[in-house]
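Please consider how the strands and helices of this structure are arranged with respect to one another. The account below proceeds from a sheet to the helices and then to some local details.

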Amino acid sequence: MLEKKKLNENQRLAVQWDKGPLLVLAGPGSGKTFVLTRRIAHLIERDPAARFRVLGLTFTAKAADEMHARVKHFLGANLYRARLTTFHSFCTEVLRQHGSHLGLKPDFEILSQDTDRLPVLDEAICKAGVPNMPSVDSRGMVKMIDHLLREGHDSNANTPLLAKEWVRPIYHSYLNLLLRHNHLDFGSLLICCLRLFRERPRIAKHYQIVYPYICVDEYQDTNKCQDMLLRSLCPGTDANLFVVADDDQIIYQWNGASPERLEKLRCEYNMQVIQLPESFRCPAEVIGLANTLIRFNQQRTPDKKPLTSTVMECDSSVVCVRRFHNESAEMDWVARNIRERGIPPGECAILSRNIKLLKVAEKSVHKAGLVPYRRERKSEFEYPLLRFVHSALRLANAPQNHEQIGQLCKAFYDLTAVNVSVDDAEAESGVNGGSLLRGFLDAAQNSSVLSPDSLPLLDALGDQLVERLKYHEFVKAVFAWFKKRNQPEGMDRRHDEEEQEVNIWQQLSRAVRQHVADPTLSQFLQELDLHPKVRPPKPSEVQCLTIHQAKGKEFRHVYLVGLAEDQLPSYYARQKGDASREIEEERRNCFVAITRAQSSLTLTFADRYFGWQKQPSRFLCEMGLQLPSSA
């Protein structure tokens with residue numbers, strides 16, 4: 001049973017909400033995931049014999065995995081009645097089952113990199129045949145297409161797109177080519193699912209019946225297309241739609257998030273509102289700064305309660321403000337301060353509005369004898385072992401994928417120094433029913449320079465993947481080969497980093513199996529493409545993160561650096577004006593950053609950044625802080 005004694009009054013009201021739409025306004029550290037997961041478990045526990053399922057939607061795979069683990073704790077074997085996933089993974093599941101209505105096969109490939117999308121776009125431009133088309137960089141065109149995808153524009157519908165009408169035929173051609181090649185990118189996953197629900201309302205009705213209760217985490221981060229999908233699943237204003245959000249933490253306007261969207265949802269569904277203003281994370285002094293700062297924003301929910309803190313402060317110096325001559329002096333002091341305070345590196349984070357300043361911070365952390373960690377989103381694996389595994393699996397799934405045969409040949413050469421040419425593999429595939437994977441295997445086995453070291457790789461490829469399609473066994477055999485292999489001298493560091501990628505693969509594989517029991521190869525590859533290949537930080541590393549990367553996280557000690565005009569707020573926002581949407585979002589960025597702190601918050605700024613004189617950030621004054629004298 002649920003541990004309801006741990007819930008405060010407002011949390012209990014949210015968890016036990018009966019029917020109809022509800023908006024939970026949850027401030028930072030207020031236990032929103034705690035409430036959301038208990039809400040899902042409560043719905044299922046109160047009707048143990050019912051057959052309905054609950055759909056929980058969130059934005060990141062990590063958040064979905066966390067939701068999954070928490071709900072599993074309460075439901076055990078009944079976990080199957082909860083589908084806890086991301087918007088993209090949910091759409092992938094729908095299109096696997098019903099995408100044939102759009103011409104998709106269930107084993108469609110997800111293009112996770114722009115380098116994979118650009119050839120499709122180039123072909124789309126040629127086929128669109130736009131007369132007198134202006135000269136536009138391909139990457140600029142990708143940004144236009146991504147904007148249309150985020151805004152939910154269906155190329156089949158006669159709706160206004162951009163002012164540039166020549167974009168329409170290219171956009172239409174691009175989406176059609178993706179479908180024809182059995183490919184989708186992240187944005188078209190959502191658009192195609194939305195199109196399916198519109199063109200085949202019986203399919204939408206099926207999901208409405210299966211999932212009569214829908215719970216959404218971090219709704220404030222939705223773009224228009226995600227909002228439209230949600231409305232397709234909840235068409236009535238009396239829908240059992242449970243939304244957790246915080247309009248003070250909207251920091252993704254560049255990705256389509258909008259303060260107006262949350263207010264529009266609230267009004268159109270006539271949502272009741274429960275507020276969770278208590279923070280179980282931040283000390284009272286930090287909460288005081290956050291409240292004082294965010295009051296300057298006009299785009300906030302009316303009658304929103306100020307945050308309160310439940311944290312007992314043990315240290316009188318929770319907040320520290322320091323001023324420096326330039327960014328190098330600022331970052332050097334931060335790194336030394338972490339070391340001198342004796343803070344465990346894994347318990348602190350250096351947060352910045354931009355990556356440029358973080359790179360300076362990393363150098364200073366190194367100089368102080370500490371190890372920095374910077375989170376870099378990767379959609380592909382970097383090292384030969386995982387590139388070999390991934391490309392082999394993709395070829396097993398799509399036997400005539402000419403791009404992947406090139407990747408496989410290169411990865412095999414990097415691993416074994418045995419050169420198998422793409423031409424030889426393609427020639428051999430001609431007598432093997434067109435299977436490029438079998439063609440590669442035959443070409444490799446016919447090589448005159450094979451070493452005994454490379455034979456186990458080819459044996460695993462032939463026995464487990466080509467002959468029996470046991471992809472789990474293939475991966476195990478390759479990893480076993482990697483562990484037994486003697487590394488050449490001077491390869492220790494690469495070996496360690498390659499081993500880290502093996503660990504990432506194994507973690508992702510476990511995460512995929514949490515959401516898809518015994519996945520087929522195509523299901524596994526699709527889910528894998530939806531997960532970023534990011535190495536988690538080690539306890540010995542100081543995390544250096546942008547504010548966007550830090551959202552959803554918490555740290556005992558936070559150093560927010562670069563609190564100067566043109567840094568935070570950014571130059572772009574300042575150009576838009578003091579009362580602009582952009583300045584309000586920058587203020588929310590600052591609000592999000594300071595509310596990551598559990599024990600201490602250190603705010604720093606400099607008089608010069610990269611040679612340019614700067615003024616202290618307006619946000620320091622808005623928080624009511626006393627500024628130190630000039631450095």
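Two strands are taken to pair if DSSP finds at least two bridges between them. In this predicted model, strand 2 (residues 54-58) and strand 3 are paired in the parallel sense, with five bridges between them. Within strand 3, Arg83 is the residue that stands opposite Leu55.

This pair belongs to a wider arrangement. An open sheet is formed by six strands, whose order is 3-2-6-7-1-8 and whose pairing is parallel. The edges are occupied by strand 3 (82-86) and strand 8 (272-276); each has a single partner strand, so one side of each is left without a neighbour in the sheet. From one strand to the next, the twist averages 15 degrees.

Which strands does helix 2 lie across? Helix 2 (residues 32-45) lies across strand 1 (22-26), strand 2, strand 3, strand 6 (213-216), strand 7 (240-245) and strand 8. Its direction is at about 170 degrees to strand 6. Helix 4 (residues 87-98) also lies across part of the sheet, namely strand 2, strand 3 and strand 6. Helix 4 runs at about 115 degrees to strand 3.

The discussion now turns to helices packed against helices. Two packed helices are described by the angle between their axes and the distance between the axes. Helix 5 (residues 114-128) packs with helix 7 (residues 167-180) at an angle of about 125 degrees, and their axes are 8 Å apart. Angles that are not under 35 degrees, not over 145 and not from 65 to 115 count as oblique, and the angle here therefore makes helix 5 oblique to helix 7. The crossing of these two helices is right-handed. On the side of helix 5 the contact is made by Arg117, Val120, Leu121, Glu123, Ala124, Ile125, Lys127 and Ala128. Helix 7 contributes Pro169, Ile170, Ser173, Tyr174, Leu177, Leu178 and Arg180. By class, the residues of this contact of helix 5 with helix 7 comprise ten nonpolar, one polar and four charged.

Helix 7 has a further packing arrangement, with helix 6 (residues 138-150): the two axes come within 11 Å and cross at roughly 80 degrees. That angle makes helix 6 roughly perpendicular to helix 7. Met141, Met144, Ile145, Leu148 and Leu149 of helix 6 meet Val167, Ile170, Tyr171, Tyr174 and Leu175 of helix 7. The contact of helix 6 with helix 7 has ten nonpolar residues, with no polar and no charged ones. Ile170 and Tyr174 of helix 7 take part in the contact with helix 5 and also in the contact with helix 6.

Further along the chain, helix 15 (residues 384-397) and helix 22 (residues 521-530) pack with their axes 10 Å apart, at an angle of about 135 degrees. That makes helix 15 oblique to helix 22. The crossing of helix 15 and helix 22 is left-handed. Helix 15 supplies His390, Leu393, Arg394, Ala396 and Asn397 to the contact, and helix 22 supplies Leu521, Ser522, Phe524, Leu525, Leu528 and Asp529. The residues of the contact of helix 15 with helix 22 fall into six nonpolar, three polar and two charged.

Some local details complete the account. How many salt bridges does a search of the whole structure find? The search finds 42. Among them is the one between Glu66 and Arg70, whose closest N and O atoms are 3.0 Å apart. Both residues lie in helix 3 (residues 61-75), four residues apart, which is about one turn of the helix.

The loop between strand 15 (555-560) and helix 24 (571-576) contains Pro569. A cis peptide bond joins Leu568 to Pro569, with omega at about 10 degrees. Asp566 is found in the loop between strand 15 and helix 24 as well. Phi of Asp566 is near 80 degrees, a positive value in a residue other than glycine.

Terms used
Residues numbered from 1 in each chain as written. Predicted model: local features only at pLDDT ≥ 70, side-chain atom pairs only at ≥ 80, totals over all residues. Heavy atoms only, no water. Axes fitted to C-alpha atoms, helices over the stretch in contact; angles between N-to-C directions. Left-handed = near helix turned anticlockwise from the far one by under 90°. Contact = heavy atoms within 4.5 Å. Nonpolar A, V, L, I, M, F, W, Y, C, P; charged D, E, K, R; others polar. Salt bridge = Lys/Arg side-chain N within 4 Å of Asp/Glu carboxyl O.
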